[in-house]
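Me: Please take a close look at one part of this protein for me. I am a first-year student, so keep the sentences short.

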Amino acid sequence: MRQTGIPHPPLPLPPNGQSENLEAFHRWLCEAIPLVPSLGIKRMRWQGEVLNWDLALSANLNDKGTGFGGGLAAQTTLIGWCWVTLWLRAQGRQQDVVVADAGQRFIAPVHDDYRLVCRPRDAAAGQRLDTALAEKGRGRIALLQEIYCDDGLCMQAQGDYVVLPPPRANA
């Protein structure tokens, strides 16, 4: 069981040239963040610059039998954090990520199992983050998240995520 104030050990980076094992990442995420096992994440897929999650509605029901807005907001914030963390890991970097700003717009009720999609707000965002990390050791990226039920858009969210500088080695 996790204790407050004690960081969870990081997941080792994949060996050079190997892609991320998303099942292992999901298992680590469930240990690192106690809320994650109850979010209903059925599957994660990383496709180019897009992170996709398939989620079970049964884990996130409200009193009306549709998706609970607070839970959906938590999921959109978390997938953004995961996007940045996985992107960093693909670059061979292991740095802390925090959300700096997030917001959402609810469009239609989530009435069945759903898909959550996360991608950079613009095509050059990853390159700008890479440049900032190379120059300053820290950076920021804006991401978009969308929830789809079947092919219908139910929610749009956005978040700005900050990559913190790596810890300094004791001299």
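Reply: Two residues are in contact when they have heavy atoms within 4.5 Å of each other. Keep that definition in mind. The model is predicted.

Start with the whole chain. The protein has three helices and six strands. Read from the N terminus, the order is α-β-β-α-β-β-α-β-β. Now apply the contact definition. Take the contacts with a separation of 6 or more: 67% of them join residues 24 or more positions apart.

Next, the overall dimensions. For 171 residues, a compact globule would have a radius of gyration near 16 Å, and the protein agrees because its own value is 16 Å. The C-alpha trace spans about 55 × 40 × 30 Å along its principal axes. Of the 171 residues, 43% are buried. The exposed area comes to about 9600 Å², and carbon and sulfur atoms supply 52% of it. As for charge, there are 17 positive and 17 negative side chains. The centres of these two sets lie 5 Å apart.

Now the close look: helix α1. This helix covers residues 22-32. Which of its residues are buried? They are Leu22, Ala24, Phe25, Trp28, Leu29 and Ala32. Seen down the axis of α1, these buried residues fall within an arc of 155 degrees, so they line one face of the helix. On the other side of α1, Glu23 and Arg27 are exposed. What do the buried residues of α1 pack against? Their partners are β1, residues 41-47, and α2, residues 69-90.

Helix α2 leads to another residue to look at. Move along the chain to Met155, in strand β6, which runs over residues 152-163. Is Met155 buried or exposed? Buried means under 20% relative accessible area. Met155 has 1% relative accessibility, so it counts as buried.

What surrounds Met155? Set aside its neighbours within four places in sequence. Met155 is then in contact with Leu72, Ala73 and Thr76, among others. Its contacts also include Gln104, Arg105, Phe106 and Ile107. Gln145, Glu146 and Ile147 are on the list too. Leu72, Ala73 and Thr76 have numbers that fall in the range of α2, 69-90. That is the helix against which buried residues of α1 pack.

Finally, compare places in sequence and in space. Met155 and Gly126 are 29 residues apart in sequence. In space, their C-alpha atoms are 24 Å apart.

Key:
Residues numbered from 1 in each chain as written. Predicted model: local features only at pLDDT ≥ 70, side-chain atom pairs only at ≥ 80, totals over all residues. Heavy atoms only, no water. Helix = DSSP H or I, 4+ residues; strand = E, 2+ residues; numbered from the N terminus. Rg over C-alpha atoms; globule rule 2.2 N^0.38 Å. Buried < 20%, exposed > 50% of the residue type's maximum accessible area, 1.4 Å probe, protein only. Areas by Shrake-Rupley, 256 points an atom, 1.4 Å probe, with all protein chains shown as cover. Lys, Arg positive; Asp, Glu negative; His and termini not counted. Charge placed at Lys NZ, Arg CZ, Asp CG, Glu CD. Arc of directions from axis to C-beta.
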